[in-house]
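Work through the exercises below with the sequence and the model open. Each task is followed by a solution in steps.

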Amino acid sequence: MSQPNHPIRRVAVIGAGTIGASWAALFLSRGLDVVVSDPAPGAAEATQRLISAAWPILMELGGEGAIDPTSWRFEPDPVKAVAGVDFVQENAPERYELKQKLFPAIDAVLPPEVVIASSSSGLLVSRIAEGCRHPERCIIGHPFNPPHLIPLVEVVGGEKASRAAIDTAMDFYRAMGKHPIEIHKEVAGHVANRLQAALWREAIHLVEQGVVSVADVDAAVCEGPGLRWALMGQHMTFHLGGGEGGLAHFMHHLLPAVETWWDDLGTPNVTPELQARLVEGVTAEAAGRSIAELAQRRDTLLTQIVALKHAHDAVEEKQDLSERLDEALEESFPASDPVAVHKVD
């Protein structure tokens, strides 16, 4: 894996809810010195419970088995927690007024080269960093839940972020085994959440119009295109759908029809009654399974999918390396002309 521009050995995780504790588990499993900060009562105990629960999965996915899952430090004061760290992953509640107080406080005590990354799922980092002495080191590093499993991290630089801060974050997340993508322009919700929101809007519209049940609209995703989306994105999926002609043929053949579907998409009025209908539908779909049971099933299957993709990528990488080695050897030691020998019967 590529390494960050400067060594990152100690990380502060500010905010230890579900996302923060999951980040802490990942960082710890990768051999980093981790300090966690959260003012909530019982935050340290809750963080340890999540780390302990995630640990077997992290070891299965390539964590360093010699590490003690309790070898992290808790400091409730975020300003004290960031002392001496090389990277900050912030996970405070999704409110500008909170983050706009927190960021300047920790910015004031950190060397300017230390990146402060927010896990915000949709806020603009340019607004979050208002009041900071060094807004150029403030970026979005938005993971997908749960961060210790899902590879995606959305990196957004904002108006004042430096190229060095973005590159450091991208390299750091890669070194943690993640798949960071750089978003070049700030938009509310970043990219993946906007895609989710667009799909959910239509899913709600279809339920509202009586087209399908909550359970069946979910099945239409997870038993259909959702399986492909675990392997490739929408553009690549339709590229394959175009056959030998690829995406160009797909658009020539099907874009007019798709455009009529776009025109027919709905914008539901999510009234209290419709909300209750959605909750009733998903409760029936859960069929008595608790949130913990559903999450365990999700995480078990996610682990298997991620492990399978890692294994397949490793095989492809090994094959690609072998082919490049063969090419290099052929260039260095070109084969001699075939010997002119004829078999005599």
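**Exercise 1. Place Ala-287 and describe its backbone and exposure.**

Solution. Ala-287 sits in the loop between H12 and helix H13 (291-332); helices (H or I, at least four residues) and strands (E, at least two) are DSSP runs, numbered from the N terminus. The phi of Ala-287 is near 55 degrees, a positive value in a residue other than glycine. Most residues other than glycine have a negative phi, and most peptide bonds are trans. With a relative accessible area of 61%, Ala-287 is exposed, where buried means under 20% relative accessible area, exposed over 50%, and partly exposed in between (1.4 Å probe, protein chains only).

The model is predicted: local features need pLDDT of at least 70, side-chain atom pairs count only at pLDDT 80 or more, and totals for chains, interfaces and linings use all residues. Residues are numbered from 1 along each chain as its sequence is written, and side-chain values use heavy atoms, with hydrogens and water left out.

**Exercise 2. Is His-190 buried or exposed, and where is its place?**

Solution. Start with the position: His-190 is in the loop between strand E8 (179-183) and H7. Its phi is positive, about 60 degrees, although His-190 is not a glycine. The relative accessible area of His-190 is 3%, so this residue is buried.

**Exercise 3. Find the residues joined by a cis peptide bond.**

Solution. The bond joins Asn-145 and Pro-146, with omega about 0 degrees. Pro-146 lies in the loop between strand E6 (138-143) and strand E7 (152-156).

**Exercise 4. Describe how H12 packs against H7 and against H8.**

Solution. Two packed helices are described by the angle between their axes and the distance between the axes. Axes are lines fitted to C-alpha atoms, for helices over the stretch in contact, and angles run from 0 to 180 degrees between N-to-C directions.

- Step 1. The axes of H7 (residues 192-208) and H12 (residues 272-286) come within 11 Å and cross at roughly 95 degrees. H7 is therefore roughly perpendicular to H12, a label for angles of 65 to 115 degrees.
- Step 2. Ile-204, Val-207 and Glu-208 in H7 meet Leu-274, Arg-277 and Leu-278 in H12; contact means heavy atoms within 4.5 Å.
- Step 3. H8 (residues 214-222) packs on H12 at about 65 degrees, with the axes 8 Å apart, so H8 and H12 are also roughly perpendicular to each other.
- Step 4. Val-214, Ala-215 and Asp-218 in H8 meet H12 residues including Arg-277, Leu-278 and Gly-281.

**Exercise 5. Compare the expected and actual span of H2, then locate its bend.**

Solution. The expected span of a helix is 1.5 Å times one less than its number of residues. H2 (residues 43-60) has 18 residues and should therefore span 26 Å; its end C-alpha atoms are 26 Å apart, which agrees. H2 bends by about 40 degrees at Ala-54, and Pro-56 follows within four residues; the bend at a residue is the angle between axes fitted to the seven residues ending there and the seven starting there. Buried residues of H2 include Ala-54, Trp-55 and Ile-57. Just after H2, Gly-62 takes a positive phi of about 110 degrees.

**Exercise 6. How many helices and strands does the chain have?**

Solution. The chain has 13 helices and eight strands. Of its 345 residues, 37% count as buried.

Note on methods
Angles under 35 degrees count as roughly parallel, over 145 as roughly antiparallel, 65 to 115 as roughly perpendicular and the rest as oblique.
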